[in-house]
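Let's take a walk through this protein together, starting with the whole fold and then stopping at two residues along the way. Keep the viewer open as you read.

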Amino acid sequence: MALFVHLLRHGETVYSRTGGYCGDLDPDLTTEGVQMAHAFSAAYRHKTWEAVYVSPMQRALQTASPLCETLGLPMQLRAGLREIGYGVWEGKTNPDVKVAYAEDYERWLAEPAWNAPTGGETAIHVASRAMAVLIEIQEQHQRGNVLLVSHKATIRLILCSLLGIDLGRYRDRINILTASVSVIKFSDHGPLLELLNDRSHLSAELLALYGT
């Protein structure tokens, strides 16, 4: 039997709804975001889970909580799963950043792997810390299902790292919507993408919400 890592992005926050930069900021889920977390739990509670690894941010903890509470699973918190740090861009909108930090923004847009938001993290750094958690998971769990609850950019960078996609193109090649699930199978042949950006566990009402 192979190892299946389920990468779950947290539910909706006010920033995922409005599009503001939110990395180190620590907002709670919205009411709809909490509903997304419960919808995931209802759909996935019948699986046998080996472990749950979670970013220490509140939005990730609140997303993992319904499943963990239902099944009595402990959360293993890993700082490496935090969202990319946006530095002084935190809380600001894209149009504001374009004006106030034009040169940094253009460099970051052209090559985010090596250029960071002003005072923030590069994609290379985020991928390095997140992949350390993936290596730990593979060492600790050779088979079964493992849940990893993280964030948009971090999950994108994990997937790019595993699938051999240029980290500088993580924003252009893979989208990860709120409360979506992606699944990577690890076997003797290496990582295989089995599911990407799936939200079939959400109701029609939740799917109709605007959120990225």
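Helices here are DSSP runs of H or I with at least four residues, strands are runs of E with at least two, and both are numbered from the N terminus. Counted that way, the protein chain holds nine helices and six strands. Please keep in mind that you are looking at a predicted model.

Let's begin with the overall form. The C-alpha atoms of the protein chain fit in a box of roughly 50 × 40 × 25 Å along the principal axes. The radius of gyration is 17 Å, and a compact globule of 212 residues would come out near 17 Å, so the two agree. Of the 212 residues, 52% count as buried. The chain also brings distant parts of its sequence together: among contacts between residues at least 6 apart, 69% join residues at least 24 apart.

Now for the outside. The accessible surface amounts to about 9400 Å², and carbon and sulfur atoms account for 51% of that. As for charge, the chain carries 19 positive and 23 negative charges, and the mean positions of these two sets are 3 Å apart.

Our first stop is His-6, which you will find in strand β1, spanning residues 3-9. Is His-6 buried or exposed? Its relative accessibility is 3%, and buried means under 20%, so His-6 counts as buried. What surrounds this side chain and backbone? Setting aside residues up to four places away in sequence, His-6 touches Tyr-44, Lys-47 and Trp-49, then Asn-145, Val-146, Leu-147 and Leu-148, and finally Val-181, Ser-182 and Val-183. There is also a polar contact within β1's own stretch of sequence: a polar atom of the His-6 side chain lies 3.5 Å from the backbone oxygen of Phe-4.

The second stop is Arg-199, in the loop between β6 (190-198) and α9 (204-207). Where might you expect a loop arginine to sit? In this model, Arg-199 has 11% relative accessibility and therefore counts as buried. Beyond its neighbours within four places in sequence, Arg-199 is in contact with Met-36, with Leu-177, Thr-178, Ala-179 and Ser-180, and with Leu-207. One of these partners deserves a closer look: the Arg-199 side chain reaches the backbone oxygen of Thr-178 at 3.0 Å. For a sense of scale, try picking the C-alpha atoms of Arg-199 and Thr-122, which are 77 residues apart along the chain and separated by 28 Å.

Notes
Residues are numbered from 1 along each chain as its sequence is written. This is a predicted model: local features need pLDDT of at least 70, side-chain atom pairs count only at pLDDT 80 or more; totals for chains, interfaces and linings use all residues. Side-chain values use heavy atoms; hydrogens and water are left out. The radius of gyration is taken over C-alpha atoms; the globule rule is 2.2 Å times the number of residues to the power 0.38. Buried means under 20% relative accessible area, exposed over 50%, partly exposed in between (1.4 Å probe, protein chains only). Contact means heavy atoms within 4.5 Å. Accessible areas come from the Shrake-Rupley method with a 1.4 Å probe; for residues, only the protein chains shown count as cover. Lys and Arg count as positive and Asp and Glu as negative; His and the chain ends are not counted. The place of a charge is taken as NZ of Lys, CZ of Arg, CG of Asp or CD of Glu. A polar contact is a pair of N or O atoms within 3.5 Å; within protein, one must be able to donate a hydrogen and the other to accept it, and residues adjacent in sequence count only if both atoms are side-chain atoms.
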